[in-house]
Amino acid sequence: MHSHRRRNRIRRSAPALLSAAALITGGVAVATQTSAFATTPAAAHAATTSAAASVHTHRLCSQPSKPGYMACQSVERTDIAQHKSLGRNDTPQGFGPSDLAAAYNLPKDGGKGQTVAIVDANDDPNAEKDLAAYRSQYNLPECSTDNGCFKKIDQDGGTNYPTPDAGWAGEISLDVDMVSAACPQCNILLVEAKSANMDDLGAAVNQAVKQGAKFVSNSYGGSEGSDDTTADDQYFKHPGVAITVSSGDSGYGVEYPAASQYVTAVGGTSLKKDSSTRGYSETVWGTSAGGDGAGSGCSQYDAKPSWQKDTDCAKRAVADVASVADPATGLAVYDTYQASGWNVYGGTSAAAPFIAGVYALAGAPGSGDTPASYPYSHPDQLNDVTSGSNGSCDVAYLCQAGKGYDGPTGLGTPNGTGAFTK
């Protein structure tokens, strides 16, 4: 198999995939409609409304220095204190599993025996230990190597793990925690690529499928390229496997591999508790100014799947579905590899593994199916997100939410699992 190479792999429109040094020394202010989380122990996990609030963040992964490399899509809150451990009556800041189950109407049981694979670059030496801390905090079932629930391999299927990296370790922590939140009964397979090059990440996707995973999450992306369709066939064309990909964190604009016609492209929302019947409401993660928020748009290269029917994009439109991704309404994550324990993370890196877990709750896909098509058969079983935008664009629905399909949130967010089965 020849090497799949692409130029300018990090989005040309992305304004601030900062260097590792910049990420360590400073944060990026992100305007948002919501504040940090409530500080009282009883409500520490809930977001509160404040129209003028802003939060400070940085991206976990530095800007790649070589063509053909991907960036992870995780964003960390830097204005919230990290805690290695919590007092008896303390609750981590950020949404936890019970919040997400309530917000998205997920069953308490389901997914037993299913395996969700997480594909990331580099090694997280503390992945299993940190996962245990997260699951213990929220009284989720044990998921360890010893009981067969957790398995970590390299892209070749062995245990010759790649070089550790703090940014990707944070990504890995976010990914395994979000799968746990969505599907506590699911097994987790972590496949670590030797580098963030698309060829290595693609090999890890193929390895995950070879290992038997029917659900594979990918929380990385970069600029589109004319050779993307080659990568589609090499790495993402796996009938009967639900492959999720985060849509990006730089606002309006398309990234690959979210643009692949074979994957479920997952956008992002801001999630808030409210007094509605649902108990929660969502808007697009992003602002009309652009630069931050969920990625979306019309692909330059990937063909439009037969099941996607929007009218003003002749090729693949991104995204398909969405879930919470705004770091201002972010997720509690436990990460100790060159990090300090309990953090609040966001980014569409949170949404992709969460949706992979929802697919797993819904059951194994049909053997010849492209599961990305499933939500298009059941749009009434999703929460339609109708307000917010992630930038400006010529075709309004590709960057602005509205009734029905829109780019930033696709068809909507989970309302149970019905939209994720045939």
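# Exercises on a predicted model

Four bridges join β14 to strand β18 (residues 321-324), and the two run parallel. The model in which this pairing is found is a predicted one. The exercises below begin with β14 and then move to other parts of the chain.

**Exercise 1. Determine how far strand β14 is covered, and identify its partner strands.**

Step 1. Strand β14 spans residues 264-273. Buried means under 20% relative accessible area. Nine of the ten residues of β14 are buried, so the strand is largely enclosed by the rest of the structure.

Step 2. Consider the parallel partners. In the pairing with β18, Gly267 stands opposite Ala322. Strand β12 (residues 242-246) is also parallel to β14 and is joined to it by three bridges. There, Val245 stands opposite Ala265 of β14.

Step 3. Consider the antiparallel partner. Strand β15 (residues 280-284) is joined to β14 by five bridges and runs antiparallel to it. Ser270 has Thr283 in β15 as its bridge partner.

Step 4. Examine the connection between β14 and β15. The two strands form a hairpin with six residues between them. Gly279 in the turn has a positive phi of about 95 degrees.

Result: β14 pairs in the parallel sense with β12 and with β18, and in the antiparallel sense with β15.

**Exercise 2. Trace the chain from strand β8 to strand β9 and state the handedness of the crossover.**

Step 1. Locate the starting strand. β8 comprises residues 150-154, and four of its five residues are buried, which leaves the strand mostly covered.

Step 2. Establish the pairing. β8 and β9 (residues 187-193) pair in the parallel sense over five bridges. Lys152 stands opposite Leu190 in β9.

Step 3. Follow the path between them. From β8 the chain passes through helix α4 (residues 166-182) to β9. This β-α-β crossover is left-handed.

**Exercise 3. Describe how helix α4 packs against helix α7.**

Step 1. Choose the quantities. Two packed helices are described by the angle between their axes and the distance between the axes.

Step 2. Apply them. The axes of α4 and α7 (residues 348-362) come within 8 Å and cross at roughly 30 degrees. The crossing is right-handed.

Step 3. List the residues that meet. From α4, the participants include Glu171, Leu174, Met178 and Val179. From α7, they include Ala350, Pro353, Phe354 and Leu361.

**Exercise 4. Give the strand order of the sheet that contains β11, and identify the edge strands.**

Step 1. The sheet is open and has three strands in the order β5-β11-β13, with antiparallel pairing.

Step 2. β5 (71-72) and β13 (255-256) each have a single partner strand, so one side of each is left without a neighbour in the sheet. These two strands therefore stand at the edges.

Step 3. Take the pairing of β5 as an example. β5 and β11 (residues 220-223) pair over two bridges. Ala71 has Gly221 in β11 as its bridge partner.

**Exercise 5. Locate the cis peptide bonds at Pro257 and Ala319.**

Step 1. A cis peptide bond joins Tyr256 and Pro257, with omega about 15 degrees. Pro257 is placed in the loop between β13 and β14.

Step 2. Val318 and Ala319 are also joined by a cis peptide bond, with omega about 15 degrees. Ala319 is placed in the loop between β17 (315-318) and β18.

**Exercise 6. Decide whether Asn122 and Asn139, both with positive phi, are buried or exposed.**

Step 1. Asn122 has a phi of about 65 degrees although it is not a glycine. The loop between β7 (115-121) and α3 (127-137) holds Asn122.

Step 2. The relative accessibility of Asn122 is 14%, so this residue counts as buried.

Step 3. Asn139, likewise not a glycine, has a phi of about 55 degrees. Asn139 lies in the loop between α3 and β8.

Step 4. Exposed means over 50% relative accessible area. At 71% relative accessibility, Asn139 therefore counts as exposed.

**Exercise 7. Summarise the protein chain as a whole.**

Step 1. The chain holds eight helices and 22 strands.

Step 2. Of its 422 residues, 61% are buried.

Step 3. Among contacts between residues at least 6 apart in sequence, 77% join residues at least 24 apart.

Step 4. The accessible surface comes to about 15100 Å², and 47% of it belongs to carbon and sulfur atoms.

Technical notes: Residues numbered from 1 in each chain as written. Predicted model: local features only at pLDDT ≥ 70, side-chain atom pairs only at ≥ 80, totals over all residues. Heavy atoms only, no water. Buried < 20%, exposed > 50% of the residue type's maximum accessible area, 1.4 Å probe, protein only. Contact = heavy atoms within 4.5 Å. Areas by Shrake-Rupley, 256 points an atom, 1.4 Å probe, with all protein chains shown as cover. Pairing = 2+ DSSP bridges. Right-handed = clockwise from strand over helix to strand, strands pointing away. Axes fitted to C-alpha atoms, helices over the stretch in contact; angles between N-to-C directions. Left-handed = near helix turned anticlockwise from the far one by under 90°.
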